[in-house]
Amino acid sequence: MEMSPSQSQNNAAPAGSLAVVGIGPGSPDMMTLAAVSAIKSADMIIGNDFYLDQIPHLITHQEVIRSRMGREVDRARQAITHAQDKHVVMVSGGDPGVYGMAGLILEMAEKIAPNLKIEIIPGVTAASAGAARLGAPLTNDFAVISLSDLLTPRDIIEKRIRALCTVGIPIVLYNPKSRTRTSLFEDVIGIAREHLPGETPVGIVKDAYRPDEMILVTTLQDVMDIFDRIDMHTVVFIGGEETRMLRRDTNAKGIFTPRGYRRKYVY
Ligand code: SAH
């Protein structure tokens with residue numbers, strides 16, 4: 001018989017476990033060995049189609065529960081319930097602690113399954129993946145902001161962007177634009193332009209490390225020309241005051257932020 005989380009609460013630790021596993025940006029070789037091993041040894045894998053479709057090679061004997069985008073609370077509850085007596089893996093894109101399921105799982109488990117063994121397995125987040133594709137835009141301090149207003153009110157997002165633009169560090173935008181939410185990105189670019197020069201490099205990486213990967217380098221003054229290319233599979237880098245285009249012999253343009261070695265060394 002399956003135990004409900006509330007039944008198990010006052011008993012010994014459940015026999016099962018729950019791992020919230022980051023599967024990285026999309027390609028199998030961008031996953032950690034720990035993620036691969038957790039998925040391989042799981043009894044059950046829970047995740048949405050988009051992420052499960054990135055790991056077909058790892059799904060052999062495990063029971064699979066496919067969930068839809070959204071309904072995260074239901075999915076978390078389902079994972080915690082099954083983890084009472086099974087080794088459950090919940091797969092999450094990139095790093096599960098960065099706009100992923102790790103927080104919600106821990107918050108809910110604290111209440112309904114405090115004895116459950118939970119492990120969070122990190123993954124390569126979109127900021128790291130996209131940065132690597134662009135060159136090295138995040139070598140020094142930087143900030144990450146999600147433009148999704150589903151859980152954070154829009155005025156708070158804009159307030160944070162405004163504050164960050166005044167300190168001149170690179171800003172990475174997750175969830176830059178959805179089918180229904182397009183104007184916030186435009187507003188954010190408007191705010192950035194009030195504080196940063198038009199030539200500030202902007203990098204756009206769509207589907208990093210996936211088959212349809214697209215990398216674009218532009219500037220703050222021209223970025224709205226490629227507004228149509230930006231969607232929910234895109235991560236956007238707005239350079240800081242020291243960020244510049246990378247000069248290389250290849251055709252590929254890159255973006256680079258000096259860490260500050262030149263202030264100290266001659267090379
Ligand atoms: N936990 C994920 C982020 C989830 S929020 C992570 O750590 O990467 C979803 C947003 O992440 C997307 O809207 C997009 O902005 C970004 N993203 C995730 N994977 C990406 C990829 N492979 N290429 C480009 N952007 C990506």
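This passage describes the nonpolar cores and an aromatic surface patch of a predicted model. Local features were accepted at pLDDT of at least 70 and side-chain atom pairs at pLDDT 80 or more, whereas totals for chains, interfaces and linings use all residues. Residues are numbered from 1 along each chain as its sequence is written, and side-chain values use heavy atoms, without hydrogens and water.

In soluble globular proteins, nonpolar side chains tend to be buried together. A nonpolar core is here a set of buried Ala, Val, Leu, Ile, Met, Phe, Trp, Tyr and Cys residues joined through side-chain atoms within 4.5 Å; buried means under 20% relative accessible area, exposed over 50%, and partly exposed in between (1.4 Å probe, protein chains only). The largest such core comprises 27 residues, and I145, L147, I161, L173, F185, I204 and I238 have the most contacts inside it. At least two residues each are supplied by several elements, including β7 (143-146), α7 (154-167) and β8 (171-174). Helix α8 provides the largest share, six residues. Helices (H or I, at least four residues) and strands (E, at least two) are DSSP runs numbered from the N terminus. A second, separate core of 18 residues includes V20, M44, A79 and V88.

At the surface, Y267 is exposed, with a relative accessible area of 58%. The residues Y261 and Y265 are partly exposed, at 45% and 47% respectively. Y261 and Y265 also form an aromatic pair, with 6.4 Å centre to centre and 35 degrees between the planes. This pair is tilted, since rings of Phe, Tyr and Trp (its six-membered ring) pair if their centres lie within 6.5 Å, and planes under 30 degrees apart count as stacked, over 60 as edge-to-face and the rest as tilted.
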